[in-house]
Amino acid sequence: MSHPRKRLVMGNWKMHGSLQDNAALLGALLSGAVRGGDTELAVCVPFPYLSQTQALLSGSPVSWGAQDVSIHERGAYTGETSAAMLADFGCSWVLCGHSERRAMHAESSSLVAAKASSALACGLSPVVCVGETLPERDAGNAERVIGDQLDPVLALGAGALGRMVIAYEPVWAIGTGRTATPDQAQAVHAFIRAALSRRGAGQTRILYGGSVKAANAAALFAQPDIDGALVGGASLVADEFLKIAAA
Ligand code: PGA
């Protein structure tokens, strides 16, 4: 049976790259990307490389985005980047509330929802990241934590939810080599799907992220509520990233 939602495999480069490395990586992605394939490919790159990414990927089947966005439209916010600026560089996507930003920049769930909303206002699709830490999981609190992270985003309503993507990334699986099992991931995805469905947005795509690689992607993608992946480390290696997309 074919999957009910178009699969999306998105790279999160984090703070990696250089003009030279990006040209090689994007070039390799372009030669491997399949136009009209049944999996959408995207990369979220550091701000300084949006211009290069736009120049190289325009007109290709690979879309691009940024890793954060300001809640403000413009003004005295040194160091911030507005959604309109991202739109100027052809971004389709922006990550909102990645666990590294929640942890290192104290981003609250209401701030993350405000970021999603400012992205939507400029025609970008937010990719809202949620996920529990290991102590939270071990204490049996994963669903409560994820529910709390989702609440302000769900409050944006069905119209907004229909234009975004949710990424479930258990913090303990990010960059650790320790992936959630397909069953563990599916259980959380089903929980998120139910919450979205109650808001009339049951078809919003839900990506899994956390040590996804070619070797484990197919088993994850076989789950009914996993609609693709948000890929960190493995997205920096073109061949590995393309294999994940082909899984
Ligand atoms: P990872 O990162 O694939 O390197 O675990 C995923 C992410 O942080 O988005």
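This short presentation covers the ligand site and the cysteines of the structure shown above.

Good morning. Please keep in mind that this is a predicted model.

I begin with the ligand. Which residues are the closest to the ligand? They are Lys14, His98, Glu169, Gly175 and Ser211, and the ligand is surrounded by 13 residues in total. By character, this shell divides into four nonpolar, seven polar and two charged residues.

Several contacts can be described in detail. A polar atom in the side chain of Glu169 lies 2.6 Å from an oxygen atom of the ligand. In His98, a side-chain N or O atom is 2.7 Å from a ligand oxygen. Gly175 contributes through its backbone, where an N or O atom lies 2.7 Å from an oxygen atom of the ligand. On its own, the ligand has 280 Å² of accessible area, and the protein covers 95% of this.

I turn now to the cysteines. A disulfide is a covalent bond between the sulfur atoms of two cysteines. How many disulfides does a search of the whole structure find? The search finds zero. Cys96, for example, is in no disulfide, and the nearest cysteine sulfur, in Cys129, is 7.8 Å away. The cut-off for a disulfide is within 2.5 Å.

Why does Cys122 form no bond with the closest cysteine sulfur? That sulfur belongs to Cys91 and is 11 Å from the sulfur of Cys122, which is too far for a bond.

Finally, are Cys96 and Cys122 buried or exposed? Cys96 counts as buried because its relative accessible area is 0%. Cys122 has a relative accessibility of 32%, so this residue counts as partly exposed.

Thank you for your attention.

How values were computed: Residues are numbered from 1 along each chain as its sequence is written. This is a predicted model: local features need pLDDT of at least 70, side-chain atom pairs count only at pLDDT 80 or more; totals for chains, interfaces and linings use all residues. Side-chain values use heavy atoms; hydrogens and water are left out. Buried means under 20% relative accessible area, exposed over 50%, partly exposed in between (1.4 Å probe, protein chains only). A residue is near a molecule or strand if one of its heavy atoms lies within 4 Å of it. A polar contact is a pair of N or O atoms within 3.5 Å; within protein, one must be able to donate a hydrogen and the other to accept it, and residues adjacent in sequence count only if both atoms are side-chain atoms. Accessible areas come from the Shrake-Rupley method with a 1.4 Å probe; for residues, only the protein chains shown count as cover. Ala, Val, Leu, Ile, Met, Phe, Trp, Tyr, Cys and Pro count as nonpolar, Asp, Glu, Lys and Arg as charged, and the others, Gly among them, as polar.
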